[in-house]
Every structure is written in C-alpha cells, then in structure tokens.
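Trainee: Could you take one part of this fold and walk me through it slowly? I'd like a close look at a single hairpin and whatever sits around it.

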Amino acid sequence: MHIDAHGSSKGKYRTDAYSLGGERCFAVAEKVKGGVLISEFGMERGILGQAYVKSGDPLGELAGYLHAVGVVRGISGGYARVELRNGCQDCGSGVVVRELDVVDAEKADVPVVPIFTCTACKKRFYAITDEYLSRLVEGNLYLFAEDELEERGRDKDAFINTLNEYVIRVFASKKIGRLSEASIK
C-alpha cells in the first residue's frame, strides 16, 4: 500500500488517511528543536502516539515510522494543518488547530502532550487518548518507580486512569482545557 505524504514549504509532511486496526489514521512529521517529531492521529479519537528522533529528515523518519503500514511517498505541496472538526468548545466561533501548525515548529520544544489552540479566542486545549498514554508509558518505563510499575502490572487500566487524573490536574493549573471532542480533520 502506498501512503502519500504532502509536504509544506517548511518541511512538514502529513499523510493521507490510512487504515490501522480498522481505524482511519494519519501522521505528521516535522522538524522541531533538535530533531523530528512524528505524531499519529486517529481521525475519530485524537492523538495515538508520538515519536521524537534526533534527525533532520522528516520524510525519511515518517517512512520508517509507517513501514509496517505501507510505503510513504513524498509529494510537494498540499500540506494541511491539523484541525478539529468542531469549532472551539469555549467561544464557539474559532477553528481549533494544533499549536505546532501555527508556531515556528523548528524553534519549538517537543510537547509531551499535543496542544491545540483556538484561532479566535486563543484558548489552549489538550487532547490525549488512553492509547497515547499507554504508548508514552511503554516508551519511558525508566521514569517510573518500582512501586508504580508494580501497580501498572496489577491493573493497566487503573494505572492509565491515575495518569489521566494527574494530567488533568497539571493542565488545569496552567488553565489549559481538555478537549471533550477530538474528532480531527
């Protein structure tokens, strides 16, 4: 299967939709401070995973990331920023876009959790899935204490729910809202 990746003048690439486990997904690869960030989205759920590599080749890294899904072909032009299907849940009038699509991504630090922003009221939001948190934990087990890993071993769902509660508290303290709807176009 071939997956077309449409490039921007700034070296970002966004794939056409592909099927992964029965879900329609797409991925974005872009240069960020010190490397390349690849973000994978489920069109009906939001962020599924992110990978950061210390490289300078977004298209090459994207091809490697998706090698099990298909062969990625780079196409010049046609990059579309990541937006939510629904408008802003705060002001109701703005378009909610991924923050890395409206800032200079090459100067941006890699966000642990993708941030979205409203083009009208500038309210910031985050949207994560349980799958995203699970992948994040799997890739960073060394960050957890032994008792936390034991808790995860006993009940992964409860562990992910606890992490979600921590994330909610952190973002609430920064006045960043959680998106109730993460359907993406």
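Mentor: Sure, start here: β5 and β6 make a hairpin, with three residues between them. Before going on, note that this is a predicted model, where local features need pLDDT of at least 70, side-chain atom pairs count only at pLDDT 80 or more, and totals for chains, interfaces and linings use all residues. Residues are numbered from 1 along each chain as its sequence is written, and side-chain values use heavy atoms, leaving out hydrogens and water.

Strands here are DSSP runs of E, at least two residues long, numbered from the N terminus, and two of them pair if DSSP finds at least two bridges between them. Strand β6 covers residues 46–53 and runs antiparallel to β5, with seven bridges joining the two. Within that pairing, Ile38 stands opposite Ala51 in β6.

Now look at the other neighbour. Strand β4 (residues 23–32) is also antiparallel to β5, and eight bridges join them. Phe26 has Phe41 in β5 as its bridge partner. β4 and β5 form a hairpin too, with two residues between the strands, and there Gly34 takes a positive phi near 85°.

So what about burial in β5? Eight of the eight residues of β5 (residues 35–42) are buried, so this strand is largely enclosed by the rest of the structure. Buried means under 20% relative accessible area, with a 1.4 Å probe and protein chains only. As background, side chains in a regular strand alternate between the two faces of the sheet.

Terms used. Buried < 20%, exposed > 50% of the residue type's maximum accessible area, 1.4 Å probe, protein only. Helix = DSSP H or I, 4+ residues; strand = E, 2+ residues; numbered from the N terminus.
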